[in-house]
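Dear colleague,

I am passing on a structure to you, and below it you will find my notes on what was found in it. Please keep the structure open while you read, so that each part can be looked up as it comes.

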Amino acid sequence: MDVNDKVAIVTGAARGIGKAISVQLAKEGAQVIATDLNEDDLGDTHDELIGIGNKSLILKLDVTNQDSVDSAVKKIIDEFSSIDVLVNNAGTIGARGWEERDVPDESDWDAIYAVNLKGMVKITEAVIPTMKSNRRGKIINMSSITGRLGTVTSPPYGVSKAGVINLTQAWALELAEFSINVNAICPGILWTPMWQRIANRWSLDEEKWKGYTPREIFDATIKDRIPLQREQTPEDIAYAVAFLASDYAHNITGQAINVNGGSHMN
Ligand SMILES: NC(=O)c1ccc[n+]([C@@H]2O[C@H](COP(=O)([O-])OP(=O)(O)OC[C@H]3O[C@@H](n4cnc5c(N)ncnc54)[C@H](O)[C@@H]3O)[C@@H](O)[C@H]2O)c1
């Protein structure tokens with residue numbers, strides 16, 4: 001996958017999928033700017049990027065805060081002169097205390113919308129002018145299997161991820177004339193802190209899962225829902241991102257690619 005010397009921003013890069021994407025893009029030769037809510041949390045990602053050796057940067061970037069977005073993008077352009085790839089990975093499944101609520105409340109809807117949709121719009125709109133003037137760019141948005149089919153676990157989360165697919169198509173149409181490709185990825189089920197929160201909640205709440213540990217719930221869910229019978233890993237998602245960020249994908253735009261072991265085939 002050739003992303004040699006491309007300048008790539010990854011949001012939500014402190015852990016889980018975002019960290020794996022940052023590391024994979026760097027391994028493929030990109031100059032990676034790994035960003036997250038707190039710079040301090042990016043230490044592990046930073047260590048791995050330094051080990052790989054390309055020019056890289058870690059940066060605080062809260063996608064819900066316009067000033068944070070603008071100052072991060074300015075700093076990146078000042079230091080790297082260009083932006084070739086934007087990976088919109090930051091996401092949340094609910095507001096603080098989401099696990100304790102039977103039904104998501106307004107704070108959950110607001111938090112999910114602020115990060116998963118409006119946050120994605122803020123950072124993307126800040127990056128588009130540079131990509132337009134370069135007449136090239138790759139934007140990759142993190143959706144989910146829940147963007148394909150509604151979820152009772154967190155309806156606002158599923159709605160936001162369906163919105164990500166729609167937004168991806170709109171941007172793909174709008175930016176095609178500038179040779180900017182915009183695609184989404186729909187990951188399946190991964191044992192990251194996000195899914196650990198879900199399994200933890202089910203272990204406390206649901207009759208069906210009484211006596212199971214969160215990890216046992218996760219394993220049973222994989223067995224039940226994934227035809228390939230294995231969990232997806234952050235690296236699986238990172239490989240798909242690296243492909244979409246590369247020139248091999250120059251004729252792919254407006255698509256939502258499933259990386260889900262066959263759980264959803266549409
Ligand atoms: N884990 C799964 O099974 C799964 C499945 C489908 C889709 N996804 C999606 O993949 C992406 C990454 O998920 P993950 O499992 O690694 O989640 P995670 O919760 O482990 O990591 C999310 C990261 O986003 C960051 N973040 C949250 N709010 C932010 C903000 N306002 N600004 C910047 N960063 C912010 C967090 O600090 C964290 O580092 C998310 O968009 C998620 O919705 C995950």
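**Strands β2 and β3**

Strand β2 and strand β3, the latter made of residues 56-60, pair in the parallel sense over 5 bridges. Please keep in mind throughout that this is a predicted model. Within this pairing, Asp36 has Lys60 as its bridge partner in β3. Between the two strands you can look for helix α2 (residues 43-52), since β2, α2 and β3 make a right-handed β-α-β unit.

One residue of β2, which covers residues 31-36, deserves a separate look, namely Thr35. Is Thr35 buried or exposed? Thr35 has a relative accessible area of 0%, and because buried means under 20%, Thr35 counts as buried. Its side chain nevertheless has a polar partner, for the side chain of Thr35 reaches the backbone oxygen of Val10 at a distance of 2.8 Å.

**Strand β6 and its neighbours**

The next element to find is strand β6, residues 180-187, which is mostly covered, with 8 of its 8 residues buried. In a regular strand the side chains alternate between the two faces of the sheet. In β6 both faces are covered: on one side Ile180, Val182, Ala184 and Cys186 are buried, and on the other side Asn181, Asn183, Ile185 and Pro187 are buried as well.

β6 is paired with two strands that you can trace in turn. Strand β5 (residues 137-142) runs parallel to β6 and is joined to it by 6 bridges, and here Ile139 has Val182 in β6 as its bridge partner. Strand β7 (residues 256-259) also runs parallel to β6, with 4 bridges joining them, and in this pairing Ala184 stands opposite Ala256 of β7.

A right-handed β-α-β unit is formed by β5, α5 and β6. Helix α5 contains Ile165, which counts as buried at 10% relative accessibility, because the limit for buried is under 20%. If you compare Ile165 with Ile52, you will find that they are 113 residues apart in sequence and 32 Å apart in space, taken from C-alpha to C-alpha.

**The ligand and its surroundings**

Which residues come nearest to the ligand? Of the 28 residues around it, these are Arg15, Asp36, Asn89, Tyr157 and Thr192; Asp36 is the residue that was named above as the bridge partner of Lys60.

Several polar atoms of the protein lie beside oxygen atoms of the ligand. In the side chain of Arg15, an N or O atom is 2.7 Å from a ligand oxygen, whereas Ile17 and Asn89 take part through their backbones: a backbone N or O atom of Ile17 lies 2.9 Å from an oxygen atom of the ligand, and a polar backbone atom of Asn89 is 2.8 Å from one. On its own the ligand has 830 Å² of accessible area, of which the protein covers 94%.

As for where the shell around the ligand comes from, the elements that give two or more residues to it are α1 (16-27), α5 (155-175) and α6 (193-205). The largest share, 3 residues, comes from α6. By residue type, the shell divides into 15 nonpolar, 9 polar and 4 charged residues.

With best wishes for your reading

Conventions. Residues numbered from 1 in each chain as written. Predicted model: local features only at pLDDT ≥ 70, side-chain atom pairs only at ≥ 80, totals over all residues. Heavy atoms only, no water. Near = heavy atom within 4 Å. Polar contact = N/O pair within 3.5 Å; in protein donor to acceptor, adjacent residues only side chain to side chain. Areas by Shrake-Rupley, 256 points an atom, 1.4 Å probe, with all protein chains shown as cover. Nonpolar A, V, L, I, M, F, W, Y, C, P; charged D, E, K, R; others polar. Buried < 20%, exposed > 50% of the residue type's maximum accessible area, 1.4 Å probe, protein only. Pairing = 2+ DSSP bridges. Right-handed = clockwise from strand over helix to strand, strands pointing away.
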